[in-house]
Amino acid sequence: MSWTEDRRSEADEGRGKPPVTSPRAAARSDAISTAEQALRRLELTIVRRLDGLLHGAHQGLLPGPGSEFGDSRVYVPGEDDIRRMDWAVTARTTVPHVRDLIADRELETWALADLSPSMDFGTAGMEKRDLVVSAIGAIGFLSGRIGNRFGAYVLHDEYIHRIPARGGRPALYGLLHSLMDAPRGRTVAGAPDLAEAIEILAAARRRRGLRVIVSDFLDPEPSLDPGLELPWERPMRRLAARHQVVAIEVIDPRELELPPVGLVNLTDPESGRSRQIQLTPKVRRAYAEAAATQRATNRIALRRCGVAHLVLRTDRDWVLDIAQFVLRQRRTAHLTHRPSRSGATH
């Protein structure tokens with residue numbers, strides 16, 4: 001059975017946690033379970049308006065009441081509907097009270113997971129592809145509430161795989177294990193790049209919601225000029241015009257600076273080309289400057305696109321970084337005079 005068929009069967013079952021088949025997969029599963037416990041009390045702040053009939057605490061395009069009873073408050077003549085009068089509280093306090101209504105939540109989240117050959121690299125605690133799976137799992141836990149659905153597009157080899165959006169924790173675990181079981185990327189001529197994957201994500205999923213791009217944002221021919229437009233920048237800008245977008249940049253420390261080890265054989269995972277290089281202090285210094293410029297270019301491009309930017313490193317505690325990012329997003333929403341809990345209207 002191919003990885004595509006295995007992925008579809010797991011996603012379609014959605015009945016429980018698929019069995020772990022390897023020590024590496026077991027370690028990743030344990031890490032995701034630990035992250036779920038750490039992130040259980042956090043929630044991503046959604047400030048963009050969403051499509052759908054069920055919005056709950058999220059902002060909707062069509063305002064309307066909910067279906068579940070919430071807290072009681074003092075009745076305001078001319079503003080409140082007397083049909084929502086809370087007679088029990090009114091009789092107890094002798095002051096007219098009404099009961100607010102809370103609708104079910106409905107948020108559709110789609111993630112784009114970059115599993116290209118450049119992600120099969122890691123010199124610290126994990127590989128970059130492991131961090132991709134962990135980041136998507138964390139976003140799934142943070143957005144996983146009643147009525148919410150989570151799906152993914154996977155950039156892998158010559159295909160862009162689609163895992164349908166489903167609700168519930170079993171479906172999320174099935175998605176994560178499908179990503180864990182994906183084979184390592186191969187060097188394929190004419191393989192789709194990140195820009196094409198973002199284009200497909202923007203064109204195929206028109207329903208407003210949350211979009212998460214998890215990648216190292218490394219282009220085959222990286223640009224070191226912050227003023228130039230990157231290949232994926234225009235598709236990202238179109239995606240952000242309709243959805244709330246979070247860009248998660250995955251970095252390994254060896255991509256930022258090289259160790260003083262002398263003569264090394266470096267291989268480009270995307271093209272397969274190899275080259276021997278003597279890592280002199282001058283070469284290492286030039287490499288570090290170019291890497292810093294390239295990351296700064298990505299940061300400026302993402303800022304131009306108007307998307308939230310989170311950097312995860314293989315040598316850092318990614319759970320702590322995600323938690324701090326979520327709290328920063330909540331403070332930003334509060335400072336911009338938007339509700340802090342997923343866009344509830346007052």
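Modeller: A salt bridge is a side-chain nitrogen of Lys or Arg within 4 Å of a carboxyl oxygen of Asp or Glu. We will use that term on a predicted model, in which local features need pLDDT of at least 70 and side-chain atom pairs count only at pLDDT 80 or more, while totals for chains, interfaces and linings use all residues. Residues are numbered from 1 along each chain as its sequence is written, and side-chain values use heavy atoms, with hydrogens and water left out.

Colleague: Nice, let's start there! How many salt bridges does the count come to by this rule?

Modeller: Side chains of opposite charge can pair when their charged atoms come close. Applying the rule here, the count of salt bridges comes to 20.

Colleague: Which residue forms a salt bridge with Arg83?

Modeller: Let's look at accessibility too: buried means under 20% relative accessible area, exposed over 50%, and partly exposed in between (1.4 Å probe, protein chains only). Arg83 has a relative accessible area of 73%, so it counts as exposed. The partner is partly exposed, because Asp81 has 27% relative accessibility. In this salt bridge the closest N and O atoms are 2.8 Å apart, and the residue that pairs with Arg83 is Asp81.

Colleague: Arg73 and Asp80 also meet in a salt bridge. Is Asp80 buried or exposed?

Modeller: The N to O distance in the pair of Arg73 and Asp80 is 2.8 Å. Arg73 is partly exposed, because its relative accessibility is 29%. Asp80 has 11% relative accessibility, so Asp80 counts as buried.

Colleague: What is the N to O distance between Arg237 and Glu229?

Modeller: Arg237, with 32% relative accessibility, is partly exposed. Glu229, at 41%, is partly exposed as well. Their side chains meet in a salt bridge with an N to O distance of 3.5 Å.

Colleague: Which residues are joined into one network by salt bridges that share partners?

Modeller: Here, salt bridges are linked through the partners they share. The residues joined into one network are Lys128, Asp216, Glu249, Glu255 and Arg295.

Colleague: Now the overall fold. How many helices and strands are there in the chain?

Modeller: Helices (H or I, at least four residues) and strands (E, at least two) are DSSP runs, numbered from the N terminus. Of the 346 residues in the chain, 45% are buried. Counting the runs gives 9 helices and 10 strands.

Colleague: Which strands are the edges of the open sheet?

Modeller: Two strands pair if DSSP finds at least two bridges between them. The sheet has 6 strands in the order β5-β4-β3-β6-β7-β10, with mixed pairing. An edge strand pairs on one side only, and the edges are β5 and β10.

Colleague: Let's zoom in on β4. How many bridges join β4 to strand β5?

Modeller: On one side, β4 runs parallel to strand β3 (residues 108-114), and 7 bridges join them. Strand β5 (residues 159-166) runs antiparallel to β4, and here His156 stands opposite Tyr159. The hairpin of β4 and β5 has 2 residues between the strands, and Asp157 takes a positive phi near 55°. The number of bridges joining β4 to β5 is 6.

Colleague: How many of the 8 residues of β4 are buried?

Modeller: Strand β4 covers residues 149-156 and is mostly covered. Among its residues, Ala152 is the bridge partner of Ala111. The number of its residues that are buried is 7.

Colleague: What is the relative accessible area of Thr109?

Modeller: Thr109 lies in strand β3 and stands opposite Phe150 in β4. Contact means heavy atoms within 4.5 Å, and, not counting residues up to four places away in sequence, Thr109 touches residues including Ile139, Ser143, Leu210 and Val212. Thr109 is buried, because its relative accessible area is 0%.

Colleague: One last stop: how far does helix α8 reach from its first C-alpha to its last?

Modeller: Helix α8 (residues 281-305) has 25 residues. The expected span is 1.5 Å times one less than the number of residues. That expectation is 36 Å, and the helix comes close to it, reaching 36 Å.

Colleague: Which residue follows α8?

Modeller: The buried residues of α8 include Ala291, Arg295 and Cys305. What covers the buried residues includes α7 (233-242), β7 (244-251) and β10 (308-313). After α8 comes a residue with a positive phi, near 75°, and that residue is Gly306.
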